[in-house]
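Got your viewer open and ready to click around? Let's take a short tour, one selection at a time.

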Amino acid sequence: MIDTGQTLVRAEMAVGCLGTVRRFFYGLLTAVLLLLAYGGYTAWQIYDYGRQSSTRPADAALVLGAAAWGERPSPVFRERINHAVKLYRDGRVRALIFTGGTPVDGYPTEAAVGRRYAIQHGVPAEAILTENDSRTTYGNLVNAGALAEHAGLTSFLIVSDPLHMHRAMMMARDLGLEAYPSPTPSSRYQGLEMQARFLWKETYNALVYRAFRSLS
C-alpha cells in the first residue's frame, strides 16, 4: 500500500532541490554574463584610453620597459624610445627615465639599451636616468618614482604602447605619481589578430589588477 504522505513529502523535496539547482544555475549564468559585460567594458576603456594623449609638458618622459635583443631594442621598445626622444626634442620634457632590468644575467638591461639608443639619437647623457632592476610595469613605476624623487622630477609623461596605457596609468595614479598619458603614435602591434591578442592580455591584466587592488 502506497504511503501518500511520504510520497508527497518526497515530491516536495524533489521540487525544492530542482528549484535550488535552477536558482544556482541562473545565479551562475548571471554572474558569468555580468563578468563578460564588465570585461567587454574594460576592453573598450583600454582601447579608447589608448587614443588619448596629453598635450601638457612634464619634468620627464617615463618610458616603460620592453624587450631588448642584446644591445638593440626590440621593435616594440624602439617605438617607445623614439617617442620619448621626440618629446625631449620638442621641449615637452627635460629628462628621460628608462626602466627595466634583464631576464638573463650578463645581458644589457632594457633601461641601459634605451639609454644607449637615446644618446645615439641626440639626447645628452646627463638628461637620462635609468632604473635597471624591475621586470614588471608596476616595478617600472615604483622604482622610477623613487629615482625621480631624488632627481627632483615630479611630473611625468608615461610612454608606452596605446593598449598598455590604461593599466599603466591606473598604477601610476595609485602610486601617487603626477602622471599623464603619452602613448606611442604608432605601434608594432599591427593587424587585427595581433591587436586582439594584446587587447585580450591587457583586459585580463587590468581585471586582475583591479581585483587585487580592491582587496588590498
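Start by selecting Ile119 and showing its neighbors. Leaving out residues up to four places away in sequence, Ile119 touches Ala125 and Ile128. Keep in mind as you look that this is a predicted model. Ile119 sits in helix H3. Is Ile119 buried, exposed or partly exposed? Its relative accessibility is 32%, and buried means under 20% while exposed means over 50%, so Ile119 counts as partly exposed.

Now add Val85 to your selection and draw a distance between the two C-alpha atoms. Ile119 and Val85 are 34 residues apart in sequence, and in space their C-alpha atoms are 9.2 Å apart.

That brings us to a pair of helices. Select residues 75-89 for H2 and residues 110-120 for H3. At what angle do the axes of H2 and H3 cross? It's roughly 50°, and the axes come within 10 Å. That crossing angle makes H2 oblique to H3. The crossing is right-handed.

Next, show the side chains where these two helices meet. On the H2 side, pick Phe77, Arg78, Ile81, Asn82 and Val85; on the H3 side, pick Glu110, Gly114, Tyr117 and Ala118. Sorted by class, this contact has five nonpolar, two polar and two charged residues. While you're looking at helices, here's a handy tip: an α-helix has 3.6 residues a turn, so residues three or four places apart point the same way.

Stay on H2 and click Arg80, which lies in this helix too. Arg80 has a relative accessible area of 5%, so it is buried. Which side chain does the side chain of Arg80 make a polar contact with? Asp161 is the partner, at 2.8 Å. Then light up what else is around: not counting residues up to four places away in sequence, Arg80 touches Val63, Leu64, Gly65 and Ala66, along with Val159, Ser160, Asp161, His164 and Thr184.

For the last stop, select residues 165-174, which make up helix H5. How many of the 10 residues of H5 are buried? Eight are, so H5 is largely enclosed by the rest of the structure. To see them, color Met165, His166, Arg167, Ala168, Met169, Met170, Met171 and Ala172, the buried residues of H5. Finally, move along the chain to Gly176, which follows H5 and has a positive phi, near 80°.

How values were computed. Residues are numbered from 1 along each chain as its sequence is written. This is a predicted model: local features need pLDDT of at least 70, side-chain atom pairs count only at pLDDT 80 or more; totals for chains, interfaces and linings use all residues. Side-chain values use heavy atoms; hydrogens and water are left out. Axes are lines fitted to C-alpha atoms, for helices over the stretch in contact, and angles run from 0 to 180 degrees between N-to-C directions. Helices (H or I, at least four residues) and strands (E, at least two) are DSSP runs, numbered from the N terminus. Angles under 35 degrees count as roughly parallel, over 145 as roughly antiparallel, 65 to 115 as roughly perpendicular and the rest as oblique. A crossing is left-handed if the near helix is turned anticlockwise from the far one by less than a right angle, and right-handed if clockwise. Contact means heavy atoms within 4.5 Å. Ala, Val, Leu, Ile, Met, Phe, Trp, Tyr, Cys and Pro count as nonpolar, Asp, Glu, Lys and Arg as charged, and the others, Gly among them, as polar. Buried means under 20% relative accessible area, exposed over 50%, partly exposed in between (1.4 Å probe, protein chains only). A polar contact is a pair of N or O atoms within 3.5 Å; within protein, one must be able to donate a hydrogen and the other to accept it, and residues adjacent in sequence count only if both atoms are side-chain atoms.
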